[in-house]
Structure formats: C-alpha cells, structure tokens
Amino acid sequence: MPAASSRTTAVSAVVTAALAAGLLTGASSAAADGQVRIHDIQGATRISPLAGTQVTDVPGVVTGVRGYGSKGFWFQDPNPDADRATSEGVFVYTGSSPTVAVGDAVTVSGTVAEYVPGGAASGNQSLTQLTKPTVAVVSSGNALPAPVTVSERSVPSRYAPAGDPAAGGSVNGLPLSPGRYALDFYESLEGMNVRVGSSRVVGATDTHAELWVTVKPHENANRRGGTVYGSYTSQNTGRLQIQSLVPLTEQPFPKADVGDVLAGRTEGPLDFSQYGGYTLTARTLGTVLDRGLRQERTRAQRDGELAVATYNVENLDPGDPQEKFDALAAAVVNNLASPDILALEEIQDDNGATDDGTVSAERTVRRFTEAIAAAGGPAYDWRSIAPQDKKDGGEPGGNIRQVFLFNPERVSFTDRAGGDATTATEVVRERGRAALTHSPGRIDPAAAAWTDSRKPLVGEFAFRGRPVFVVANHFASKGGDESILSHHQPPTRSSEVQRLAQATSVNTFVKKLLSADKRADVLVVGDINDFEFSGTTGALTAGGALYPAVKSLPRSERYSYVFQGNTQVLDQILTSPSIRGFDYDSVHINAEFADQNSDHDPQVLRFRP
C-alpha cells in the first residue's frame, strides 16, 4: 500500500480530471429517499459521481476481509438496483486490520474516493472506495449476496470502447456497457462477490502468490494451455488474476503451471490491482489439478547445420546460487542441444548489483561456461564487450550486457581488434565479402537510441569457411508503458519510441552488410522486448533486410514470455534473405512454469550456410 501522501495525490488527480469532465454531481445521484446505497456510490461510469463527498450509514454485508497489503474489507448491498452498469459492492480502506468479519451486516460512513493503483501517471483505471470509515456492525452470520458468475458466456468478446478524444482518449467518462465490452463488464462488478468455475491456468503462480486463469477455454488457446497474444486489437478478454484473502501462513497459495486447472469454486470480491488489473480476491479458492506440463527439448543440429540460439538468463552474476548456474547450464545442454553459437542477455558484472565501478564479467561467464561443461556440454569460448559503468540500464550496479558463447569445435570467431564500449564497428568489403572493422564490436554506441540501454554486440563467425554475422540485442524495456487495462484506450506505449529508434539503427547496419555482400548470412537475435506484430519488428525488417523467423511458426506457437496470462513474443531471431530453409524453435522451458530459471524462453534457429 502506498504512503498516505501518494494515495491522496492519486485520488486528487482523478477527482480533478473528473470535475473537469463534469462527472462529479455530488449527492444529486443519491436515492430519492436520501439514503445513499453502494450503487449510488459506484455510479454508471468508472468514476464515482460522489467522489470527494461524505456519505453516511451506507448499508451492506461484508463479503471479504483483507488483513495484508491494502487493508480493509468489501461489503455489498443485498438489495441491488436494476441497472447492470452499477456495481453493488465497494472496498472500504481501513489502513489497519479490519475489525469486521465476513457475513457481518454493517453500515459505513466515510469519504468516497477514487484510488489509482500505481498513481495517476500509470494510466491505470481507478478503484472506487470508501476512506476514513466509521463502521457499525448491525448483525453477524448473515448470508452473503449470491456471487455473479464470470464465465465464457457472461464476458463480452469485445475488449474495450475507444476512448473519448475530447478526454484525451480516456474511457473514464463513458457510460459502462457491461453487455458489450469486457472491461466494462468487469468494472460493473468492481467490489462485488464473484465466482469462476473450473478454469484453465494461463499464467503460472508467481512469487507474489497469484496466478491467472481464463474463463474462455477456446480464446486463442494453444496446445500447451496458454492464451496467445497476437494483436493489439484482439485482446484476450477471458483472463482474470486470482489472489487469496487467506493468509499464506494459514493456507499456502497453490503452485500451478500453465495448462493446469483451478478446479471447483473460486469465489470472492473483485478487486483492481496495480499489477494485473481486475483480480478475484478469493475467499474460497479452488484446487489445482496438475496437467503435467513438461519442459521442451529441441533437436540437435544435423551435419552441416549451424545452430544459433538466444537466451535471456535474467541478471546472472557470481552472487547467484550455484543451483541457478547449474540449472541454466543443464538447459543449454539438454533442452537447447548445445547450440553452436549462443547469445546471452542479462549477464551481469563480476559482483552483480554491487555498485562499485566493476564492469568486467569474466567471473560470471567463466562460472557459467564451467557449469555447462560440467553438465556434459562443450567447452564454450566466449566474446563480449564490457559496457561503461552505469550506461546500459538494467539493475543499478549490475552493468548487464550481451555475451557470445561459441563452440570452437564447430565454429570459429573472427577477431578484429579495437572494439570497445564507445567505438562503433563498421562494415567494409574484404575479398569480395562483407567484414567488420571490429569483431566483437558495437553498433553506433554513441547514438541517442542507445542511451541507458544495451548496445548491440556484433560478432563475425566462420562456419565451414563461410562468414556468419550475428547481432546480439537487448532492446529497451516496456517500462513506462500503460497496461492494456489503462483508462486510455488504446493505451499509451511510450517506450516504443526508443525501441523504434534502436530497430532502425540495427536495420541500417544490416543493410550495410547486405550492401557489401547481398548474400551475407546475418542473424539479429536477442531480447527485442517487443512483439512480432509490433512497429519495432516492422522497423527491423524494413526494406526486406530481415525476416522474423518466429513467423515461420503457427500463430499459436509464437511466444517466449508469459505476462499477466498472455503468452507473447519478446525474444526473436531475424534472418537475412540468404538464410532460407531454416528450422526455428521457441523452446518452452521457463515462461509457463511456476519454477523458473529465467522468465524468458530461449530461441534456436538451425540452417545450412
């Protein structure tokens, strides 16, 4: 729970915006008899018509109590009105452990407020609630209002209305249409007692004791149980986050992988959280049925095939337990079949997040390559360029960078001296072929596109006498983007600006290689931090310079990451026109599982140069 000052700021910002839009109408929306009910507080838009006003003796029955995080309780009017758009439940923020119990009939007096999880700048929708409450318990042991069932039939297929241009693209002032739009449907139930029946898990249990299910089993489903995110305009409307109101000390949260089933009844108030939006905070939690999802293994490269892979190893540094090194190494050997070239992202310096000016990653890489050899893999050699201290973003002090591992028994590295953190490598023509001035080298490291971000690492390799160029990338993150649950529809994706510039920079460099040799074998690999349908990918492929190999897979198989129940592409390998007849594999070993060695799935491409 944010400090009181940040909560007040967020509330004030929403109320101010609502006043400007003419949404706050004061007590005029209350019932004719003067008794304010919960549906009067919630109103028929996302912003309460009573925001900022005092209400007295609002009646209802307690449906859920939360004694951790944002402490308070939900209560619901057992006598609803006839308007589907007005919720009959609301959260009461107490700030300390509530003294009420589920089933208590209460009256609550307090201030109606709009709280934006994450603050107004996040773009998140707001949560209508009562603050500074005075609570009177009228009776106990009452039956709860019957839960509203959230199901495939009840959730609309359309995701959200288009935002009002006159309100900056916000949907806050639009009347809710719960029978037409999924976000409006969920908003019309904010604070109410809801339930889901047996539902497939589409986002594994995470470290915050939450998981994601879908109530629409056929919505963009894939063979491993996920819900594939394939377009900005085709959202997965059946996803719902599940948390538990029962303290973890009393009932540990169940561990579930994608494809498992949360069976039986899961019931409780519908909340809105900063991380995930609409959340069923379960008073009663179903049972997880293990469907036996297993890690994938890619095939070994055949004679004459070159196998190139990319793997984000999530801030690997010598301070990590040996178990992490061993697990990542075992995956390289057993799941990735020991690729010939492996581009790693998020290799940290030799003392990790300790911020003392260290930039070398020799200890980190040596420990990893030794673990690979111990797991039965090849004795990988490696190349990289250490970044300038605190110039490449990532965890402060960690100095993450990309690293090439390569199997010298299968492929050789063409060293060309002079590459460093600030010197750009260039393309020259040598003996009728493209070549680099520095290998390993960096692409245009001084350009604004790479400010506080990882600069691309370029290496020139040779396989059976033929040059192969690999560009290892870790583009700028999506940090700062509004979520798909934003009150702006469509949401603002501000981080795209830098990734578009980065993609243009890499595309320009690849075109230089192709200008020197139109048959050059070039692979652009790494954590692109963007989708295969994004503008970033479009900029990388501009002019036909590259092809996103993930598009060679069926749509349902295109993913390397799971975020809030959406299986999606972040990691990619793109190929130059000369690379044809390749075999591509997104090897699912992490993203779908509660137990992860990284949050990304590695990618492998095999081809015959």
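## Strands β6 and β7

Val 148 of β6 stands opposite Val 194 in β7. In this predicted model, strand β6 covers residues 148-149 and strand β7 covers residues 193-196. The two run parallel and are joined by 2 bridges. To get from β6 to β7, the chain passes through helix α3, residues 182-187, and this β-α-β crossover is right-handed.

On to the next pairing: β7 also pairs with strand β12, which spans residues 266-273. Here the sense is antiparallel, and 4 bridges hold the pairing. If you would like a pair of residues to look for, Arg 195 stands opposite Glu 267 in β12. Strands of a sheet pair through backbone hydrogen bonds, either parallel or antiparallel.

## The sheet as a whole

These strands belong to an open sheet of 9 strands. Following the sheet across, the order is β6-β7-β12-β13-β10-β9-β8-β11-β14, and the pairing is mixed. Which strands stand at the edges? They are β6 and β14, the latter made of residues 287-289. Each of the two has a single partner strand, so one side of each is left without a neighbour in the sheet.

## Salt bridges between loops

Side chains of opposite charge can pair when their charged atoms come close. A search of the whole structure turns up 30 salt bridges. One of them joins the side chains of Lys 255 and Asp 595, with 3.0 Å from N to O. Lys 255 sits in the loop between β10 (239-244) and β11 (261-263), while Asp 595 sits in the loop between β30 (583-586) and β31 (603-607), so this pair ties together parts that are 340 residues apart in sequence. Are these two partners buried or exposed? Lys 255 is exposed, at 53% relative accessible area, and Asp 595 is exposed too, at 54%.

There is also a network of salt bridges to explore. It links Arg 223, Arg 224, Glu 296, Glu 557 and Glu 592.

## Lys 390 and its two acidic partners

Lys 390 is a good residue to click on. Asp 355 forms a salt bridge with Lys 390, and their closest N and O atoms are 3.1 Å apart. Asp 355 belongs to the loop between β16 (341-347) and α5 (362-374), and Lys 390 to the loop between β17 (381-384) and β18 (401-406), so the pair ties together parts that are 35 residues apart in sequence. Asp 389 forms a salt bridge with Lys 390 as well, and in that pair the closest N and O atoms are 2.7 Å apart.

How accessible are the three residues? Asp 355 counts as partly exposed at 45% relative accessibility, Lys 390 is partly exposed at 47%, and Asp 389 counts as partly exposed at 26%.

## Backbone angles to notice

Most residues other than glycine have a negative phi, and most peptide bonds are trans. Lys 390 has a positive phi, near 60 degrees, and is not a glycine. Gln 564 likewise has a positive phi, about 50 degrees, although it is not a glycine. Gln 564 is found in the loop between β27 (561-563) and β28 (566-568). At 16% relative accessibility, Gln 564 counts as buried, whereas Lys 390 is partly exposed, with 47%.

Two cis peptide bonds are worth a visit. The bond joining Ser 439 and Pro 440 is cis, with omega about 5 degrees, and Pro 440 has its place in the loop between β21 (433-436) and β22 (441-442). The bond from Gln 489 to Pro 490 is cis with omega near 5 degrees. Pro 490 lies in the loop between β24 (466-474) and α6 (496-516).

## Thr 227 and its surroundings

Thr 227 has its place in the loop between β9 (211-214) and β10. Is Thr 227 buried or exposed? At 0% relative accessibility, Thr 227 counts as buried.

Which residues is Thr 227 in contact with, leaving aside its neighbours within four places in sequence? The contacts are Arg 200, Val 202, Thr 214, Glu 219, Asn 220, Asn 236, Gly 565, Asn 566 and Thr 567. Among them, Gly 565 comes right after Gln 564 in the numbering, the residue whose phi is positive at about 50 degrees.

Key:
Residues numbered from 1 in each chain as written. Predicted model: local features only at pLDDT ≥ 70, side-chain atom pairs only at ≥ 80, totals over all residues. Heavy atoms only, no water. Salt bridge = Lys/Arg side-chain N within 4 Å of Asp/Glu carboxyl O. Buried < 20%, exposed > 50% of the residue type's maximum accessible area, 1.4 Å probe, protein only. Pairing = 2+ DSSP bridges. Right-handed = clockwise from strand over helix to strand, strands pointing away. Contact = heavy atoms within 4.5 Å.
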